[in-house]
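This report goes through one protein chain, from its overall make-up to selected helix pairs and single residues. Please keep the sequence and the structure at hand while reading.

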Amino acid sequence: MVEFTAVVVEQLKKNLGDTLSAFGGHDYEWREVGAYVLSQMLISILYLALFFGAYLVLIGLIRLVIGKRNVERSAFKHGRSGLRYLAGLGALLVILAQFGAGVEFLKAVARAGLLALGFYVAWLVIRRLTAETLRRNRLDASIQQLAGNVLSVVMATFAVVTILAQFGFDLLSIVAGLGIVGIAVGFAAQSTLSNFIAGITLLIERPFRIGDWVTINGQDGKVVKIALRTTWLRTRDNIFTMIPNDSVASSEIVNYSAEGATRLNISVGIAYKESAKAARDAIMPVLLAHPEVLQSPGMEPRVVLKNLGDSSVDLEVKIWITPDNLDVQPTIMADVLEQIKETLDEAGIEIPFPHLQLFVDEAKGLKPILEPLYPKNRVDRAAETGGDSA
């Protein structure tokens with residue numbers, strides 16, 4: 001086993017040595033290669049320690065100057081990220097120079113690194129100014145989200161193209177290539193582009209906003225996100241549904257939050273022998289005392305006669321709730337209905353339920369069975385009428 005391992009190791013050394021010789025043009029000694037790699041790694045670690053040590057010292061001095069209260073501000077956090085990035089860029093350039101990178105290549109890396117930092121700073125500034133402008137104009141969160149996404153995509157595209165240009169890539173060729181790729185992707189991803197365009201249409205027309213309760217394609221939920229490809233709904237069971245924007249734009253949309261308060265209709269049935277006015281007088285105190293039922297002018301709770309059913313007088317309880325309570329709408333309806341049931345029971349007002357009445361034809365055949373149980377004249381009367389009820 002030991003001899004086999006030694007043979008494998010020698011074979012690996014020979015193959016790797018031949019590969020290095022092919023690239024370098026001369027033979028390599030393993031000890032020299034190992035010593036060189038180890039020394040370069042140690043020097044690289046020293047450079048990293050030097051740059052990041054300087055970064056830590058500089059950050060410590062800045063903290064002492066600005067004080068502890070200003071450390072938690074976003075400006076300090078962004079500045080700290082920038083210094084950390086510059087320290088990493090400097091360490092990268094030194095390590096590349098150590099391993100024999102050319103001067104032109106190092107200059108290209110430095111320019112690309114500084115341009116990337118510049119684009120990042122510009123993105124932060126423009127994003128903040130855009131968000132403040134949209135917020136000042138009282139545009140909803142969906143428009144702010146769209147503007148932020150478009151800004152990020154545009155800035156990232158310009159950054160990538162500009163950075164590649166520092167390494168000698170032709171910008172015109174890159175732009176032309178992106179155009180050709182865009183056409184190819186457009187044919188291959190028509191559904192995605194359709195959803196993208198529909199998403200922009202939804203954000204412009206605004207049939208709903210983030211936070212609205214809606215029904216889309218028969219799915220009830222609260223709008224939590226309007227992305228460029230899908231719309232996200234959260235149901236009352238805390239289940240997230242992502243609906244393609246193309247399907248959203250082409251379907252019927254019911255928005256429960258668009259006009260403020262929402263009216264709930266609760267059906268209540270009472271027996272025909274009961275008085276609708278008495279039932280109304282019993283139900284109204286429940287509605288007036290409920291904390292979630294609005295009592296504003298024009299939105300007062302009401303109890304109206306809705307229909308005369310087959311076995312009940314159908315009343316409809318109409319109450320209004322605020323948009324904030326749409327999250328718990330079923331709970332409010334269940335609570336109101338339960339209190340109405342208890343109130344009607346206490347008032348002695350009957351709530352009917354379906355009855356089944358069975359009629360048997362040719363009841364004369366039951367005469368031998370019914371005679372011992374009932375008086376004779378009653379059985380004869382039933383037989384004469386041709387039926388009986390049970």
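## Overall make-up

In what follows, helices are DSSP runs of H or I with at least four residues and strands are DSSP runs of E with at least two, both numbered from the N terminus. Counted in this way, the chain has 12 helices and 10 strands. The model is a predicted one, and every value below is to be read with that in mind.

Of the 390 residues in the chain, 26% are buried, and the accessible surface comes to about 25700 Å², with 63% of that area belonging to carbon and sulfur atoms. Among contacts with a separation of 6 or more, 60% are made by residues 24 or more positions apart.

## Annotated transmembrane regions

The UniProt record, an unreviewed entry, lists residues 41–62, 83–102, 108–126, 146–165 and 171–204 under "transmembrane region". Such annotations may be inferred rather than shown by experiment.

What does the model show for two of these spans? Residues 41–62 are 100% helix and 0% strand, and the C-alpha atoms at the two ends of the span lie 32 Å apart. For residues 83–102 the helix share is 80%, again with 0% strand, and the end C-alpha atoms are separated by 26 Å.

## Helices H3 and H4

Two packed helices are described by the angle between their axes and the distance between the axes. Helix H3, covering residues 74–98, packs against helix H4, covering residues 103–136, at an angle of about 170°, and the two axes are 10 Å apart. Because angles over 145 degrees count as roughly antiparallel, H3 is described as roughly antiparallel to H4. On the H3 side the contact is made by Ser74, His78, Gly82, Tyr85, Leu86, Leu89, Leu92, Leu93, Leu96 and Ala97, while the H4 side contributes residues including Phe105, Leu106, Val109, Ala110, Gly113, Leu114 and Arg128.

## Met155 in helix H5

Met155 has its place in helix H5, which runs over residues 141–165. Is Met155 buried or exposed? Its relative accessible area is 14%, and since the limit for a buried residue is under 20%, Met155 counts as buried.

When residues up to four places away in sequence are left out, Met155 touches Phe119, Ala122, Trp123 and Ile126. One of these partners, Phe119, is 36 residues away from Met155 along the chain, yet the C-alpha atoms of the two are separated by 7.1 Å.

## Helices H9 and H10

A further helix pair is formed by H9, residues 276–289, and H10, residues 329–346, whose axes are 9 Å apart and meet at an angle of about 135°. That angle makes H9 oblique to H10, and the crossing of H9 and H10 is right-handed. From H9, the residues Ala279, Ala282, Ile283, Val286 and Leu287 meet Val336, Gln339, Ile340, Thr343 and Leu344 in H10.

Thr343 offers a closer view of this pair, as it lies in helix H10 and counts as buried at 18% relative accessibility. Leaving aside neighbours within four places in sequence, Thr343 is in contact with Ala282 and Val286, both of which belong to the H9 side of the pairing.

## Residues in and around the strands

Which phi values do Asn217 and Asn238 have? Phi of Asn217 is near 55°, a positive value in a residue other than glycine, and Asn238, likewise not a glycine, has a positive phi of about 65°. Asn217 is found in the loop between strand E1 (213–216) and strand E2 (219–226), where its relative accessible area of 46% makes it partly exposed. Asn238 is found in the loop between strand E3 (230–234) and strand E4 (240–244); with a relative accessible area of 53%, Asn238 is exposed, because the limit for that class is over 50%.

Lys225 lies in strand E2 and, at 31% relative accessibility, counts as partly exposed. Its C-alpha atom is separated by 8.6 Å from that of Gly211, a residue 14 positions away along the chain. Arg229 has its place in the loop between E2 and E3 and is also partly exposed, with a relative accessible area of 44%. Arg229 and Asn245 are 16 residues apart in sequence, and their C-alpha atoms are 5.8 Å apart in space.

Key: Residues numbered from 1 in each chain as written. Predicted model: local features only at pLDDT ≥ 70, side-chain atom pairs only at ≥ 80, totals over all residues. Heavy atoms only, no water. Buried < 20%, exposed > 50% of the residue type's maximum accessible area, 1.4 Å probe, protein only. Contact = heavy atoms within 4.5 Å. Areas by Shrake-Rupley, 256 points an atom, 1.4 Å probe, with all protein chains shown as cover. Axes fitted to C-alpha atoms, helices over the stretch in contact; angles between N-to-C directions. Parallel < 35°, antiparallel > 145°, perpendicular 65-115°, else oblique. Left-handed = near helix turned anticlockwise from the far one by under 90°.
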